[in-house]
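Hi,

Here is the structure I said I would pass on. Have a look at it first, and then read my notes underneath.

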Amino acid sequence: MPARPEKQKDHDLQQKIDHEIKMREGTAKLLAASKHPAQMLEAAKNLLTSNTRIMTYMTELQRRKTAEVLGKNVSTVGNQLPCKAKVSVSDIRIPLMWKDTDHFKNKGDYRRYAVFCLLRIGTDIYETSMLSNVDRSMTDLTFDDIMVFNNVPHDFTAKFEVYCHKLHEDLTIASTPKKLRKKINDLSGSVGRSVGKRLSGLNDTDIIGNMVLGPRFELMASGTLELKDIGDSIGNYDLQLTSGADVTTCELPLFGVFCLRLACQPECLVEPVATGYLNLLDEEKVKPYWCVLKNLSLACWSSKEDMEVTEPLLQIPVTKNTQISDTDPSRSMGTDHTIHIMTKQHPRSLEYTLAAQSKDELNKWWDGLQQHLLDQALWKHACDYLMEIRSPSPRKKPAFLRKSSIYDDTPLSDKATQRPSSVVGELKKEDDQLSEMLNTLMGEAKQIRGENSYTTTV
């Protein structure tokens, strides 16, 4: 006997929890083994994301169990519900508001940050790529990620969250030329802690703290998005600073708004609501058509085969201005199982009389037409036209995964090049091990959440 849909959903959710727990354990091991700052930041980000997903899944599972005990899982068979939709989030940008002395006069302390965002709809949670070394030279944060959410209801609420980690401030090299400073920072992250801390000015407390705890990302601000925010262009939305955020640790100068494109494709615009043969009653004639109800119209072909090769011969609009009713006997021409469609369009109304082949077919078309009108009424402006949902780009391997040591890429002095080959070999071995660990975790994540559901563009 097959499992009930509710039980199957609970089982799937429990599997997601189990997988995320495994992901968290693997990421924690990776964080403990990481020595390069970029690896530690990425591992800390993944750890936070896994924890967030676990808490969200557990909360949803508890809600379902409570509803089941209280008997609130009422069957909706026979009731019409609005269709679901595919929602795309892209073109994310967060303006920054630096002081004049920081941005224009290049004065003040040398603050640098690592920033990424989480966006959640229901139990679906996706993260953006991480921007590191955000400093006062940047006027805004731009993320190239494209996130696609499936099976989104019309009454959805999307939560947008900004997480920030303040990188180590090395004031002793704040005035060092940019290229030299970058080389020192890159080198300090590659040659190991004992040498790296002397190059970058880190003390033993910082090293031990990072080894035990790893970088800590703070939730700095959040915003909400709803159906009213759906649009085909980039919009501006309010960004609220999180109450109790540790601003003494991370003083990221947020402007108070965030920008993104929130596009939507309700299923009724891309998937047929009803298909089949209908007879068009027109001027004492009966014309049979193969009809498809989709995307605000009833498209009609002379046969089912023609649908694949030609444009429809007739398109009957089915919009918010359409009325569905029984046919007046004077229009039915003595034909049974008829339905009348009238759409008000300036300067006149378009009227059509259609006949089904049986009573059951008539009920199918009646329900389909009513469903299409219900979808448009509840999805509102998101159903006015078909918006573009951009395809996610292929996931790229994180830039910090190097198969060669930085010694192979950075020219050093003669003394430095005389370093024993065993040290270089150990560094390469560590890099390979960490790379293998992260690739394994990323592979498991694809299996859990699906390859096409989300992508990150670095």
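Below are my notes on salt bridges and on one loop residue.

Before you start, keep in mind that this is a predicted model, in which local features need pLDDT of at least 70 and side-chain atom pairs count only at pLDDT 80 or more, while totals for chains, interfaces and linings use all residues. Residues are numbered from 1 along each chain as its sequence is written, and side-chain values use heavy atoms, with hydrogens and water left out.

Salt bridges

Side chains of opposite charge can pair when their charged atoms come close. I used a fixed cut-off for this: a salt bridge is a side-chain nitrogen of Lys or Arg within 4 Å of a carboxyl oxygen of Asp or Glu. How many salt bridges does the structure hold? The count is 12.

Let's begin with Glu42 and Lys45, whose side chains form a salt bridge at 3.7 Å, N to O. Both sit in helix α2 (residues 37–69), three residues apart, so about one helical turn separates them. (Helices are DSSP runs of H or I with at least four residues, strands are runs of E with at least two, and both are numbered from the N terminus.) Are these two buried or exposed? Glu42 is buried at 16% relative accessible area, and Lys45 is buried too, at 3%. For these labels, buried means under 20% relative accessible area, exposed means over 50%, and partly exposed is in between, using a 1.4 Å probe and protein chains only.

Next, find Lys364 and Glu361, where the closest N and O atoms of the salt bridge are 3.3 Å apart. They are in helix α8 (residues 359–379), again three residues apart, which means about one helical turn lies between them. Lys364 is partly exposed at 31%, and Glu361 is partly exposed at 24%. There is also a network: salt bridges with shared partners join Glu60, Arg63 and Arg64.

Asp229 and Lys228 make another salt bridge, at 3.3 Å from N to O. Here Asp229 is buried, with a relative accessible area of 12%, whereas Lys228 is exposed, at 61%.

A loop residue

Where is Ser303? Look in the loop between β14 (297–301) and β15 (314–317). Ser303 is buried, with 18% relative accessible area. Setting aside neighbours within four places in sequence, Ser303 is in contact (heavy atoms within 4.5 Å) with Tyr277 and Trp290.

Cheers
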